[in-house]
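Here is a short guided tour for anyone new to reading protein models. Have a look at the picture, and then we will walk through it together.

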Amino acid sequence: MSIMVVLTTGGTVKKIVVVSGALKWAAIAFIVIMPILEAGYWITNGYPFLAPFLHISSLPAFGDIPIGWADLTEVQKLLGFIANLLPLFFSMAALGYLARLFSAYEHLRLFERKNADLLKKTGGLIVLGQVAHLFYTACISLVLTCRNPVGHRNISISIGLHELEMLAIGIVVLLVSWIYAEAIKMHEEQEATV
Amino acid sequence: MTIIVNLDVMLAKKKMRSKDFAEAIVITEQNLSILKTGKAKALRFSTLQAICRVLECQPGDLLAFEQGEMPS
(Lines give C-alpha, C1' and ligand atoms only; values in the text may rest on other atoms or scores of the structure.)
Protein backbone atom coordinates (compact mmCIF):
# COMPACT_ATOMS: atom_id res chain seq x y z
CA MET A 1 0.00 0.00 0.00
CA SER A 2 2.73 2.49 0.97
CA ILE A 3 4.74 1.56 -2.15
CA MET A 4 1.70 2.38 -4.30
CA VAL A 5 1.37 5.75 -2.61
CA VAL A 6 5.04 6.53 -3.27
CA LEU A 7 4.66 5.61 -6.94
CA THR A 8 1.49 7.58 -7.58
CA THR A 9 2.23 10.68 -5.56
CA GLY A 10 6.01 10.73 -5.51
CA GLY A 11 6.29 14.54 -5.62
CA THR A 12 3.92 15.11 -2.71
CA VAL A 13 5.55 12.36 -0.66
CA LYS A 14 8.99 13.88 -1.21
CA LYS A 15 7.63 17.26 -0.09
CA ILE A 16 6.16 15.70 3.05
CA VAL A 17 9.49 14.03 3.87
CA VAL A 18 11.55 17.19 3.27
CA VAL A 19 9.21 19.66 5.01
CA SER A 20 8.57 17.34 7.97
CA GLY A 21 12.28 16.71 8.38
CA ALA A 22 13.00 20.44 8.35
CA LEU A 23 10.23 21.14 10.88
CA LYS A 24 11.44 18.31 13.12
CA TRP A 25 14.96 19.77 13.25
CA ALA A 26 13.57 23.29 13.73
CA ALA A 27 11.57 22.05 16.74
CA ILE A 28 14.64 20.27 18.17
CA ALA A 29 16.75 23.40 17.61
CA PHE A 30 14.19 25.51 19.50
CA ILE A 31 14.18 23.00 22.37
CA VAL A 32 17.96 23.39 22.68
CA ILE A 33 18.14 27.15 22.06
CA MET A 34 15.24 28.31 24.26
CA PRO A 35 16.77 27.55 27.69
CA ILE A 36 20.13 28.95 26.51
CA LEU A 37 18.47 32.21 25.39
CA GLU A 38 16.55 32.35 28.66
CA ALA A 39 19.73 31.90 30.68
CA GLY A 40 21.45 34.54 28.54
CA TYR A 41 18.61 36.96 29.22
CA TRP A 42 19.19 36.76 32.98
CA ILE A 43 23.00 36.67 32.75
CA THR A 44 23.29 39.70 30.43
CA ASN A 45 20.48 41.72 32.07
CA GLY A 46 18.10 41.42 29.15
CA TYR A 47 20.54 41.53 26.20
CA PRO A 48 21.21 45.31 26.38
CA PHE A 49 23.54 45.12 23.35
CA LEU A 50 20.60 43.97 21.19
CA ALA A 51 18.36 46.88 22.22
CA PRO A 52 19.15 49.02 19.11
CA PHE A 53 18.21 46.16 16.78
CA LEU A 54 15.48 44.25 18.57
CA HIS A 55 12.67 45.23 20.86
CA ILE A 56 13.16 42.93 23.81
CA SER A 57 10.68 43.51 26.58
CA SER A 58 12.44 44.35 29.79
CA LEU A 59 11.59 42.98 33.19
CA PRO A 60 7.90 42.39 33.83
CA ALA A 61 6.14 45.34 35.48
CA PHE A 62 3.76 44.98 38.40
CA GLY A 63 1.55 48.02 38.80
CA ASP A 64 3.52 51.18 39.65
CA ILE A 65 6.34 49.31 41.37
CA PRO A 66 9.60 50.23 39.62
CA ILE A 67 11.91 47.27 38.94
CA GLY A 68 15.28 47.68 37.26
CA TRP A 69 18.12 45.29 36.51
CA ALA A 70 20.39 47.28 38.84
CA ASP A 71 18.10 46.52 41.80
CA LEU A 72 18.29 42.76 41.35
CA THR A 73 20.78 40.53 43.15
CA GLU A 74 22.38 37.51 41.50
CA VAL A 75 20.18 35.22 43.62
CA GLN A 76 17.06 37.05 42.39
CA LYS A 77 18.23 36.64 38.79
CA LEU A 78 18.81 32.93 39.37
CA LEU A 79 15.36 32.59 40.95
CA GLY A 80 13.90 34.60 38.07
CA PHE A 81 15.52 32.17 35.63
CA ILE A 82 14.14 29.19 37.58
CA ALA A 83 10.64 30.76 37.60
CA ASN A 84 10.90 31.25 33.84
CA LEU A 85 11.69 27.57 33.43
CA LEU A 86 8.03 26.81 34.25
CA PRO A 87 6.45 28.28 31.09
CA LEU A 88 9.58 27.22 29.21
CA PHE A 89 9.01 23.60 30.26
CA PHE A 90 5.53 23.57 28.69
CA SER A 91 6.85 25.13 25.46
CA MET A 92 9.77 22.69 25.27
CA ALA A 93 7.56 19.66 25.99
CA ALA A 94 5.03 20.77 23.35
CA LEU A 95 7.88 21.23 20.85
CA GLY A 96 9.17 17.78 21.81
CA TYR A 97 5.83 16.21 20.93
CA LEU A 98 5.74 18.21 17.68
CA ALA A 99 9.26 16.97 16.82
CA ARG A 100 8.07 13.38 17.33
CA LEU A 101 5.00 14.07 15.19
CA PHE A 102 7.09 15.52 12.35
CA SER A 103 9.50 12.59 12.69
CA ALA A 104 6.55 10.23 12.11
CA TYR A 105 5.51 12.27 9.05
CA GLU A 106 9.11 12.23 7.81
CA HIS A 107 8.99 8.43 7.88
CA LEU A 108 5.58 8.55 6.13
CA ARG A 109 3.70 7.23 9.14
CA LEU A 110 0.80 9.56 8.35
CA PHE A 111 -2.22 7.69 9.64
CA GLU A 112 -1.27 6.27 13.02
CA ARG A 113 -3.25 6.67 16.22
CA LYS A 114 0.02 7.62 17.95
CA ASN A 115 0.16 10.77 15.79
CA ALA A 116 -3.26 11.90 16.97
CA ASP A 117 -2.13 11.24 20.56
CA LEU A 118 0.98 13.39 20.02
CA LEU A 119 -1.12 16.24 18.64
CA LYS A 120 -3.53 15.88 21.56
CA LYS A 121 -0.65 16.04 24.04
CA THR A 122 0.73 19.12 22.26
CA GLY A 123 -2.63 20.89 22.53
CA GLY A 124 -3.00 19.81 26.14
CA LEU A 125 0.41 21.20 27.01
CA ILE A 126 -0.37 24.54 25.32
CA VAL A 127 -3.60 24.81 27.36
CA LEU A 128 -1.92 23.69 30.61
CA GLY A 129 0.95 26.11 29.92
CA GLN A 130 -1.47 29.03 30.02
CA VAL A 131 -2.94 27.80 33.31
CA ALA A 132 0.60 27.43 34.68
CA HIS A 133 1.28 30.99 33.54
CA LEU A 134 -0.86 32.21 36.45
CA PHE A 135 1.46 30.41 38.87
CA TYR A 136 4.49 31.74 36.97
CA THR A 137 3.35 35.38 37.30
CA ALA A 138 2.91 34.85 41.04
CA CYS A 139 6.43 33.40 41.32
CA ILE A 140 8.17 36.01 39.16
CA SER A 141 6.44 38.93 40.88
CA LEU A 142 7.47 37.53 44.26
CA VAL A 143 11.08 36.98 43.11
CA LEU A 144 11.47 40.43 41.55
CA THR A 145 9.87 42.42 44.36
CA CYS A 146 10.87 40.45 47.46
CA ARG A 147 13.73 42.84 48.31
CA ASN A 148 11.68 45.98 47.75
CA PRO A 149 10.71 48.21 50.70
CA VAL A 150 7.52 47.31 52.50
CA GLY A 151 4.57 48.43 50.43
CA HIS A 152 6.44 47.79 47.20
CA ARG A 153 6.44 43.99 47.52
CA ASN A 154 4.02 42.18 45.33
CA ILE A 155 2.52 38.79 44.48
CA SER A 156 0.63 39.22 41.26
CA ILE A 157 -1.50 36.80 39.28
CA SER A 158 -2.20 38.00 35.80
CA ILE A 159 -3.20 36.74 32.40
CA GLY A 160 -2.63 38.77 29.25
CA LEU A 161 -3.95 38.84 25.72
CA HIS A 162 -1.03 36.66 24.56
CA GLU A 163 -1.99 33.91 27.03
CA LEU A 164 -5.63 34.08 25.93
CA GLU A 165 -4.52 33.78 22.31
CA MET A 166 -2.34 30.78 23.16
CA LEU A 167 -5.23 29.24 25.11
CA ALA A 168 -7.44 29.57 22.02
CA ILE A 169 -4.69 28.01 19.85
CA GLY A 170 -4.33 25.14 22.35
CA ILE A 171 -8.07 24.47 22.28
CA VAL A 172 -8.04 24.52 18.45
CA VAL A 173 -5.11 22.04 18.43
CA LEU A 174 -7.07 19.76 20.79
CA LEU A 175 -10.08 19.98 18.47
CA VAL A 176 -7.92 19.21 15.42
CA SER A 177 -6.35 16.24 17.22
CA TRP A 178 -9.83 14.83 17.93
CA ILE A 179 -10.85 15.20 14.26
CA TYR A 180 -7.49 13.69 13.23
CA ALA A 181 -8.11 10.68 15.51
CA GLU A 182 -11.53 10.18 13.89
CA ALA A 183 -9.96 10.49 10.41
CA ILE A 184 -7.39 7.83 11.35
CA LYS A 185 -10.21 5.50 12.45
CA MET A 186 -11.94 6.11 9.10
CA HIS A 187 -8.66 5.42 7.28
CA GLU A 188 -8.23 2.15 9.20
CA GLU A 189 -11.75 1.11 8.23
CA GLN A 190 -11.06 2.04 4.63
CA GLU A 191 -7.92 -0.10 4.67
CA ALA A 192 -9.92 -3.06 5.98
CA THR A 193 -12.59 -2.69 3.30
CA VAL A 194 -12.41 -5.38 0.64
CA MET B 1 -16.33 -10.56 14.77
CA THR B 2 -20.04 -11.23 14.65
CA ILE B 3 -20.27 -11.64 10.88
CA ILE B 4 -18.58 -14.84 9.74
CA VAL B 5 -17.32 -15.09 6.15
CA ASN B 6 -17.54 -18.71 5.05
CA LEU B 7 -15.29 -18.20 2.07
CA ASP B 8 -12.96 -21.12 2.87
CA VAL B 9 -15.88 -23.54 2.93
CA MET B 10 -17.24 -22.25 -0.37
CA LEU B 11 -13.80 -22.37 -2.01
CA ALA B 12 -13.30 -25.95 -0.81
CA LYS B 13 -16.72 -26.93 -2.20
CA LYS B 14 -15.79 -25.43 -5.56
CA LYS B 15 -12.25 -26.87 -5.28
CA MET B 16 -10.81 -23.48 -6.19
CA ARG B 17 -7.38 -22.19 -5.18
CA SER B 18 -7.13 -18.82 -3.42
CA LYS B 19 -4.79 -17.41 -6.05
CA ASP B 20 -7.14 -18.28 -8.93
CA PHE B 21 -10.12 -17.02 -6.98
CA ALA B 22 -8.44 -13.68 -6.22
CA GLU B 23 -7.68 -13.25 -9.92
CA ALA B 24 -11.24 -14.17 -10.89
CA ILE B 25 -12.85 -11.59 -8.60
CA VAL B 26 -10.11 -9.00 -9.33
CA ILE B 27 -8.81 -8.40 -5.80
CA THR B 28 -5.31 -8.89 -4.41
CA GLU B 29 -4.40 -12.06 -2.54
CA GLN B 30 -3.66 -9.84 0.44
CA ASN B 31 -7.23 -8.53 0.45
CA LEU B 32 -8.56 -12.06 0.00
CA SER B 33 -6.56 -13.07 3.05
CA ILE B 34 -8.09 -10.16 5.02
CA LEU B 35 -11.52 -11.42 4.00
CA LYS B 36 -10.81 -15.06 4.82
CA THR B 37 -9.24 -14.37 8.21
CA GLY B 38 -12.17 -12.20 9.32
CA LYS B 39 -10.07 -9.03 9.57
CA ALA B 40 -12.22 -7.16 7.03
CA LYS B 41 -14.33 -4.34 8.49
CA ALA B 42 -16.45 -3.86 5.37
CA LEU B 43 -17.27 -5.65 2.14
CA ARG B 44 -18.09 -3.73 -1.03
CA PHE B 45 -21.22 -4.78 -2.94
CA SER B 46 -19.07 -5.02 -6.09
CA THR B 47 -16.75 -7.52 -4.34
CA LEU B 48 -19.69 -9.51 -2.96
CA GLN B 49 -21.27 -9.54 -6.42
CA ALA B 50 -18.03 -10.85 -7.96
CA ILE B 51 -17.67 -13.56 -5.30
CA CYS B 52 -21.28 -14.72 -5.82
CA ARG B 53 -20.81 -14.72 -9.60
CA VAL B 54 -17.61 -16.77 -9.50
CA LEU B 55 -18.73 -19.21 -6.80
CA GLU B 56 -22.30 -19.36 -8.16
CA CYS B 57 -23.83 -18.81 -4.77
CA GLN B 58 -25.98 -16.34 -2.80
CA PRO B 59 -24.67 -13.77 -0.25
CA GLY B 60 -26.39 -15.82 2.46
CA ASP B 61 -24.21 -18.82 1.58
CA LEU B 62 -21.11 -16.74 2.29
CA LEU B 63 -22.08 -14.68 5.32
CA ALA B 64 -23.38 -15.81 8.68
CA PHE B 65 -24.25 -13.86 11.80
CA GLU B 66 -23.00 -15.05 15.18
CA GLN B 67 -24.03 -13.58 18.53
CA GLY B 68 -21.13 -11.98 20.36
CA GLU B 69 -19.50 -8.73 21.35
CA MET B 70 -19.34 -5.95 18.77
CA PRO B 71 -15.83 -5.46 17.39
CA SER B 72 -14.14 -2.18 18.37
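No salt bridges are counted between chain B and chain A. Keep in mind as you read that this is a predicted model.

**Where the two chains meet**

What does hold our attention at this interface? The rule finds 5 residue pairs in polar contact across chain B and chain A, with both partners at pLDDT 80 or more. Helix 3 (residues 29-36) of chain B gives the largest share of the side that touches chain A, namely 3 residues. Sorted by class, that side of chain B has 6 nonpolar, 2 polar and 3 charged residues.

The contact can also be counted in residues: 11 residues of chain B are in contact with 5 residues of chain A. In terms of area, about 700 Å² is buried between the two chains, and carbon and sulfur atoms give 55% of it. Three residues, B:K41, B:A42 and B:R44, supply 64% of the area that chain B buries against chain A, more than any other three residues.

**Salt bridges**

Side chains of opposite charge can pair when their charged atoms come close. Over all chains, the structure holds 8 salt bridges. Here are some of them, with the distance between N and O atoms.

| Salt bridge | N to O distance |
|---|---|
| B:D8 and B:K36 | 3.5 Å |
| B:E56 and B:K14 | 3.3 Å |
| B:D20 and B:R17 | 3.4 Å |

Which parts of chain B does the pair of B:D8 and B:K36 tie together? B:D8 lies in helix 1 (residues 7-14) and B:K36 in helix 3, so the pair links parts that are 28 residues apart in sequence. B:D8 is partly exposed at 44% relative accessibility, and B:K36 is partly exposed at 26%.

The pair of B:E56 and B:K14 ties together parts that are 42 residues apart in sequence, because B:E56 sits in the loop between helix 4 and helix 5 (59-62) of chain B while B:K14 belongs to helix 1. B:E56 counts as exposed, with 64% relative accessibility, whereas B:K14 is partly exposed at 37%.

In the pair of B:D20 and B:R17, B:D20 is partly exposed at 31% and B:R17 is exposed at 55%.

Another charged residue to find is B:R53, in helix 4 (residues 45-55) of chain B. B:R53 has a relative accessible area of 56%, so it counts as exposed. Its C-alpha atom is 8.6 Å from that of B:I25, although the two are 28 residues apart in sequence.

**Aromatic rings in chain A**

How many aromatic pairs are there over all chains? The count comes to 6. One of them joins A:Y41 and A:W42 edge-to-face, at 5.4 Å centre to centre and with 90 degrees between the planes. A:Y41 is buried at 12% relative accessibility, and A:W42 is buried at 4%. Ring pairs link A:Y41, A:W42 and A:W69 into a cluster.

A:Y47 and A:F49 also form an edge-to-face pair, 5.9 Å centre to centre with 85 degrees between the planes. A:Y47 is buried, with a relative accessible area of 15%.

**Two loop residues in chain A**

Is A:S156 buried or exposed? Its relative accessibility is 17%, so A:S156 counts as buried. A:S156 is found in the loop between helix 4 (113-145) and helix 5 (161-191) of chain A. Beyond its neighbours within four places in sequence, A:S156 is in contact with A:F62, A:T137, A:A138 and A:S141.

A:D71 is in the loop between helix 2 (10-43) and helix 3 (74-106) of chain A. At 47% relative accessibility, A:D71 counts as partly exposed.

Terms used. Residues numbered from 1 in each chain as written. Chains lettered and ligands numbered in written order. Predicted model: local features only at pLDDT ≥ 70, side-chain atom pairs only at ≥ 80, totals over all residues. Heavy atoms only, no water. Contact = heavy atoms within 4.5 Å. Buried area = accessible area lost by both parts, 1.4 Å probe. Salt bridge = Lys/Arg side-chain N within 4 Å of Asp/Glu carboxyl O. Polar contact = N/O pair within 3.5 Å; in protein donor to acceptor, adjacent residues only side chain to side chain. Helix = DSSP H or I, 4+ residues; strand = E, 2+ residues; numbered from the N terminus. Nonpolar A, V, L, I, M, F, W, Y, C, P; charged D, E, K, R; others polar. Buried < 20%, exposed > 50% of the residue type's maximum accessible area, 1.4 Å probe, protein only. Phe/Tyr/Trp six-rings, centres within 6.5 Å; stacked < 30°, edge-to-face > 60°.
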